[in-house]
Amino acid sequence: MIVKARLITGVVLFVFVLGHLINHALGVHSLAAMEAGREWFTAAWRNPIGTTAFAGSLLIHLLLAGWALYARRSLKMSVGEAFQLVLGFSIPIFLALHFAGTAGAHRIFGTNDTYAFVLLAQWKFADYGVILQTGGMTAAWVHGCIGVYFWLRLKPYFPDIKQLLFGLAIVIPVASWIGFYAGGKEALALYEDPEWRRAMLAVAQPPDANGVRQIYDLALLFQIIIGSLIASALAGRGVRSSLERRRGTYLLRYPNERTVRNAKGTSILEASRLNGIPHASVCGGRGRCSTCRVRVLEGHDNLAGPSADELRVLKRVGAPPKVRLACQALPFGDISVVPLLPPNATARDAKRRNPDMSGQEKEIAILFADLRSFTQFSEQKLPYDVVFVLNRYFAHMGEAVELAGGHLDKFIGDGVMALFGANTDGDSGARAALTAAKHMSQKLSVLNTQLGDELNEPLRIGIGIHSGPAIIGEMGYGTAFGLTAIGDSVNTASRLEAMTKEFGAQLVFSEDVASKAGLDVSGLTQKTAAIRGRGEPISIYVCENAEKLSLHS
Ligand code: FES
């Protein structure tokens with residue numbers, strides 16, 4: 001409800017600012033064009049509906065901004081959020097005088113705030129009039145643009161329109177500044193003509209000196225109200241903190257047994273922020289993006305049920321039970337959670353990531369690859385050379401995996417772990433894993449040719465592949481968070497990779513992989529192998545050179 005009210009009032013105010021800037025931009029043509037535009041603008045906003053919409057939105061938006069400042073437990077926030085907050089509160093400070101001198105003067109003294117009159121007030125009479133006007137409009141525009149960005153970037157069509165929006169975000173204020181400058185210069189020139197001056201003042205009906213003082217007082221009052229709102233929100237935070245300290249704390253446990261203690265009433269996301277724990281929050285904790293979502297492992301009963309808004313977002317991403325938005329969940333007792341998206345998750349990740357990735361058992365193929373004799377190589381080379389060669393190797397192997405449609409799980413030392421079939425099925429996964437092995441072998445040959453003299457001997461690789469059920473999901477902690485797999489099948493694949501040394505072969509894979517992939521195994525050596533931790537030996541194939549695998553599409 002609060003989120004919606006903030007959004008709706010923000011949109012109304014943004015439309016107002018947009019209209020105002022476009023009106024300014026007409027000054028590029030002439031003062032008369034600005035005035036003609038103003039008539040449309042005032043017709044739209046100075047009527048019972050327009051005035052109520054604007055004044056109501058301004059009031060509600062300001063109160064909600066004060067509430068947001070009070071409600072958030074932590075003032076740690078992204079640069080974009082901080083910028084938006086500071087700009088938002090600075091707008092009334094900049095524009096209070098403009099507001100009092102136009103709408104206020106019109107209402108109190110019946111002043112006709114024509115463009116000529118207002119521009120002259122800013123360019124000639126008011127102290128810092130130009131600076132306040134330019135600063136205020138810029139702050140309002142940038143604040144609004146950040147808000148629009150936070151809102152629209154979660155929409156599926158945003159990538160298609162973002163270039164256009166970015167262009168407009170630049171062009172509109174620049175045109176407005178130029179129009180404001182040109183209009184001001186024209187008004188100043190016309191002001192030198194006594195007849196024009198008399199006519200302009202007769203139309204404008206400006207307030208007398210006493211009235212001008214009242215306008216300044218009104219602007220000051222407006223600024224004091226805004227200042228008081230900010231001060232009240234900050235003071236309220238202090239009072240709340242001391243009350244909460246008395247109410248007690250709760251213990252929040254993350255993966256890796258990291259625990260933090262927080263005052264009751266602190267959301268899980270705020271607890272992460274307060275304790276310097278990276279946590280995804282694309283929408284800044286507004287309950288819209290779902291990137292902060294966590295699985296509650298223990299203490300689910302220590303959370304109040306989700307609100308209708310939170311439920312709607314959870315439903316949208318297909319979240320299973322016991323998954324909550326960290327920014328909305330307020331624990332009142334000890335709780336243990338696992339963040340489901342990595343801290344650097346983007347808006348796109350929130351949708352693209354399969355909700356099942358929060359944990360499921362699935363038939364997949366797992367590939368392990370390791371460089372042979374690389375320890376020897378690294379002992380003979382400078383660290384710089386080792387890192388250079390390794391990075392080239394990782395790039396080639398990563399491409400091979402991705403080319404085959406696999407998921408690069410991790411690099412472990414000079415080894416690679418990759419998963420296949422996480423988004424398809426076991427058969428496709430097995431086939432993709434063998435394809436990746438073939439690509440890896442081909443790319444290694446290319447790399448050996450490229451590196452040539454830098455190597456004492458060509459790089460050699462051992463690859464092991466097994467297919468079977470594994471628990472896959474997004475696991476980890478902090479920045480080391482991502483899709484991975486665990487289970488017996490993973491261990492088996494790792495052991496098969498180790499066996500390549502024993503057989504002096506490039507690739508060893510299980511019979512399961514061959515049959516699921518429908519591989520022509522003629523010419524390959526079949527063996528049985530005992531795998532530590534498995535009761536029965538398994539049937540495997542040994543392939544000296546994975547480039548020679550006969551994979552038919
Ligand atoms: S931070 Fe966006 S929904 Fe929680």
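1. Let me start with Phe-180, which is buried at a relative accessible area of 4%. Please keep in mind that this is a predicted model. Phe-180 forms a tilted aromatic pair with Trp-123, with 5.5 Å from centre to centre and 40° between the planes. Trp-123 sits in helix α5 (residues 115-125) and Phe-180 in helix α7 (residues 158-191), so the pair ties together parts that are 57 residues apart in sequence. Unlike its buried partner, Trp-123 counts as partly exposed, at 22% relative accessibility.

2. On the aromatic side chains more broadly, the count comes to 18 aromatic pairs. One of them joins Trp-45 and Phe-54: the ring centres are 6.3 Å apart and the planes meet at 75°, so this pair is edge-to-face. Both Trp-45 and Phe-54 are buried. The two also belong to one aromatic cluster, together with Phe-16, Phe-41, Phe-99 and Phe-222.

3. Two arginines deserve a look for their place over tyrosine rings. The charged end of Arg-197 sits over the ring of Tyr-191, 4.9 Å from the ring centre. Arg-240 lies over the face of Tyr-70, and here the distance to the ring centre is 4.6 Å.

4. Next, a point on the backbone. Most residues other than glycine have a negative phi. Gln-205 is not a glycine, yet its phi is positive, at about 50°. Gln-205 is found in the loop between α8 (194-204) and α9 (209-247), and it is partly exposed, with a relative accessible area of 47%.

5. Ser-290 also has a positive phi, near 75°. Its place is the loop between α10 (268-274) and β3 (294-298). Is Ser-290 buried or exposed? At 2% relative accessibility, Ser-290 counts as buried.

6. Now the sheet, which is open and made of 5 strands in the order β2-β1-β5-β3-β4, with mixed pairing. β2 (259-263) and β4 (323-324) are the edge strands, each pairing on one side only. β3 and β4 run antiparallel and are joined by 2 bridges. Val-294 has Arg-324 of β4 as its bridge partner.

7. Arg-324 comes up again among the salt bridges, of which the structure holds 11. Its partner is Glu-310, and the closest N and O atoms are 2.7 Å apart. Which parts of the chain does this pair tie together? Glu-310 lies in helix α11 (residues 308-316) and Arg-324 in strand β4, so the contact links parts that are 14 residues apart in sequence. Glu-310 is buried, with a relative accessible area of 2%, and Arg-324 counts as buried too, at 4% relative accessibility.

8. Another salt bridge joins Asp-370 and Arg-372, with 3.8 Å between the closest N and O atoms. A salt bridge needs the nitrogen within 4 Å of the carboxyl oxygen, so the pair meets the cut-off at 3.8 Å. Both Asp-370 and Arg-372 are buried.

9. The side chains of Lys-410 and Asp-409 also meet in a salt bridge, at 3.0 Å from N to O. The burial of the two partners is worth setting side by side. Lys-410 counts as partly exposed, at 35% relative accessibility, whereas Asp-409 counts as buried, at 13%.

10. One last thing to view in the structure: Glu-35, Arg-38, Arg-46 and Asp-113 are linked in a network of salt bridges.

Terms used: Residues are numbered from 1 along each chain as its sequence is written. This is a predicted model: local features need pLDDT of at least 70, side-chain atom pairs count only at pLDDT 80 or more; totals for chains, interfaces and linings use all residues. Side-chain values use heavy atoms; hydrogens and water are left out. Rings of Phe, Tyr and Trp (its six-membered ring) pair if their centres lie within 6.5 Å; planes under 30 degrees apart count as stacked, over 60 as edge-to-face and the rest as tilted. Buried means under 20% relative accessible area, exposed over 50%, partly exposed in between (1.4 Å probe, protein chains only). Helices (H or I, at least four residues) and strands (E, at least two) are DSSP runs, numbered from the N terminus. A charge sits over a ring if NZ of Lys or CZ of Arg is within 6 Å of the ring centre and within 35 degrees of the ring normal. Two strands pair if DSSP finds at least two bridges between them.
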